[in-house]
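Here is a short report on one protein model. Keep the sequence and the coordinates open while reading.

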Amino acid sequence: MQSRSSPPRAIRYGLGVLAGLAVLAILWFFHPQLAGAANHLTAPDPVTAAWQKAKAAGSYHFTSDVLQKTIPVASITNVGRTSRTDALHLEGQNDLRNQTLELTLWNQGGSVLNAASGVSVRTEKGKSYTRRGNEAWQETDNQTDAFAPQGDFLGYLAAIRNVGPGVHATRNGISFTRYTFELDGPAFAAYMHEQLTAAMRAKGELPASVQLEPPAYYRDMTGSGELWVGANGLPLRQILNLRFPEQKDNRVEANMTVNFAKYGVEQTGLLTLLRAGQWQGVW
């Protein structure tokens with residue numbers, strides 16, 4: 001028997017529907033604000049966002065200048081030894097989708113005007129090859145991770161922290177925003193460990209029962225840098241100042257500047273849109 005103090009079931013159902021419609025109306029009205037807040041909470045920092053956009057483009061051309069200073073540590077065996085500075089210039093292209101990197105490297109004895117005076121390097125699906133001039137390609141150990149971690153010159157951005165506010169600038173008629181950051185050695189070592197483990201397991205070179213240790217050389221690395229991001233959201237220039245720990249009675253400091261151009265065509269998938277909070281694109 002229904003209580004006299006409670007409304008009939010039909011009225012209660014109607015009130016529930018009205019309440020639900022009211023909630024939907026409120027959500028619809030505040031949708032832009034809610035979407036903006038969600039996007040603010042989930043969107044990456046501008047440096048990481050630029051890296052993600054570069055990866056979505058799939059390929060890029062680059063030129064790079066590297067100054068590497070080898071400094072002997074204070075020890076009896078290093079008495080009389082002085083620091084040595086090596087200057088390198090690199091040019092090439094990177095195909096991230098096909099895991100292919102091609103570059104030519106010149107040192108103090110070579111000239112970009114003479115391609116034969118440089119050393120060509122090619123990495124393809126985990127294998128690395130080198131040759132000088134028009135000689136035959138020779139398979140060799142991977143020699144590009146120091147410049148391009150896991151084949152990507154922007155790979156160091158996997159371990160950034162303390163990203164500074166953007167500073168707008170214009171140079172040679174090109175507008176961009178400069179972001180500064182610091183590098184986290186342990187985070188970079190973890191990134192390299194994860195990428196190397198996945199690559200070796202994919203090639204069947206690492207049994208499931210074997211675990212690799214994160215490389216201490218990268219774990220103890222320190223450094224800082226900046227990224228110039230163009231109006232299209234893609235990186236224009238990356239500047240890194242790296243300091244590596246002592247190894248074999250020496251420590252290494254490196255300054256690396258990379259200029260990016262000729263990006264591929266961005267392929268925007270559902271996951272990319274979800275990460276960016278672009279709900280209209282998802283719909």
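## Loops with positive phi

K262 sits in the loop between β12 and α6 (270–276). Its phi is positive, about 55 degrees, although K262 is not a glycine. Buried or exposed? K262 has a relative accessible area of 63%, and the cut-off for exposed is over 50%, so K262 counts as exposed.

N162 is another residue other than glycine with a positive phi, near 50 degrees. The loop between β7 (160–161) and β8 (167–171) holds N162. N162 has a relative accessible area of 55%, so it is exposed.

## The overall fold

The model is predicted. The protein has 283 residues, and buried residues make up 33% of them. Its secondary structure comes to seven helices and twelve strands. Take the contacts with a separation of 6 or more: residues 24 or more positions apart account for 52% of them.

## The nonpolar core

How many residues does the largest nonpolar core have? It has 42 residues. F153 and Y156 have the most contacts inside this core. Helix α3 (residues 46–57) supplies the largest share of the core, five residues.

Y156 has a long contact list once neighbours within four places in sequence are left aside. On the list are D145, A146, F147 and P149. L183, F188 and M221 are also in contact with Y156. So are L240, L242, F244 and M256.

## Buried residues around F153

F153 recurs in the contact lists of three buried residues, V258, Q238 and N94.

V258 is part of strand β12 (residues 250–261). Its relative accessibility is 0%, so V258 counts as buried. Beyond its neighbours within four places in sequence, V258 is in contact with F62, T63, S64, F153, L236, R237 and Q238.

Q238 lies in strand β11 (residues 235–243). Why does Q238 count as buried? Its relative accessibility is 0%, and buried means under 20%. A polar atom of the Q238 side chain lies 2.8 Å from the backbone oxygen of F153. Leaving out residues up to four places away in sequence, Q238 touches F153, L154, L157, E226 and L227, among others. M256, T257, V258 and F260 are also touched by Q238.

N94 belongs to strand β2. Its relative accessibility is 3%, so N94 counts as buried. Here the side chain reaches a backbone oxygen of G151: a polar atom of N94 lies 2.4 Å from it. Not counting residues up to four places away in sequence, N94 touches G58, S59, Y60 and F62, among others. T100, L101, G151, D152 and F153 are touched by N94 too.

The two side-chain to backbone distances are set out below.

| Side chain | Backbone oxygen | Distance |
|---|---|---|
| Q238 | F153 | 2.8 Å |
| N94 | G151 | 2.4 Å |

## Pairs apart in sequence

V258 and P235 are 23 residues apart in sequence, and their C-alpha atoms are 9.8 Å apart in space. G133 and S120 are 13 residues apart along the chain, with 7.5 Å between their C-alpha atoms. G133 is in the loop between β5 and β6 (138–140). This glycine is buried, because its relative accessible area is 16% and buried means under 20%.

## The largest pocket

How much space lies in the largest pocket? About 930 Å³. Its lining has 38 residues. Which of these lie nearest the centre of the pocket? They are Q99, Q150, G151, Q195 and A199. G151 is also the residue whose backbone oxygen lies 2.4 Å from the side chain of N94.

Several elements give two or more residues to the lining. Two of them are helices, α3 and α4 (185–202). The strands are β2 (84–95), β3 (100–106), β4 (119–124) and β5 (127–132). α4 gives the most, with nine residues. Helix α3 thus appears twice: in the lining of the pocket and in the largest nonpolar core.

What is the make-up of the lining by residue class? It divides into 13 nonpolar, 14 polar and eleven charged residues.

Key:
Residues are numbered from 1 along each chain as its sequence is written. This is a predicted model: local features need pLDDT of at least 70, side-chain atom pairs count only at pLDDT 80 or more; totals for chains, interfaces and linings use all residues. Side-chain values use heavy atoms; hydrogens and water are left out. A nonpolar core is a set of buried Ala, Val, Leu, Ile, Met, Phe, Trp, Tyr and Cys residues joined through side-chain atoms within 4.5 Å. Buried means under 20% relative accessible area, exposed over 50%, partly exposed in between (1.4 Å probe, protein chains only). Helices (H or I, at least four residues) and strands (E, at least two) are DSSP runs, numbered from the N terminus. Contact means heavy atoms within 4.5 Å. On a 1 Å grid over the protein atoms alone, a cavity is a set of points where a 1.4 Å probe fits but cannot get out, and a pocket is an open set with protein on both sides within 12 Å along at least five of seven lines; lining residues have an atom within 4 Å of a point. Grid points are joined across faces, edges and corners, and a volume is the space filled by probe spheres set on the points. Ala, Val, Leu, Ile, Met, Phe, Trp, Tyr, Cys and Pro count as nonpolar, Asp, Glu, Lys and Arg as charged, and the others, Gly among them, as polar. A polar contact is a pair of N or O atoms within 3.5 Å; within protein, one must be able to donate a hydrogen and the other to accept it, and residues adjacent in sequence count only if both atoms are side-chain atoms.
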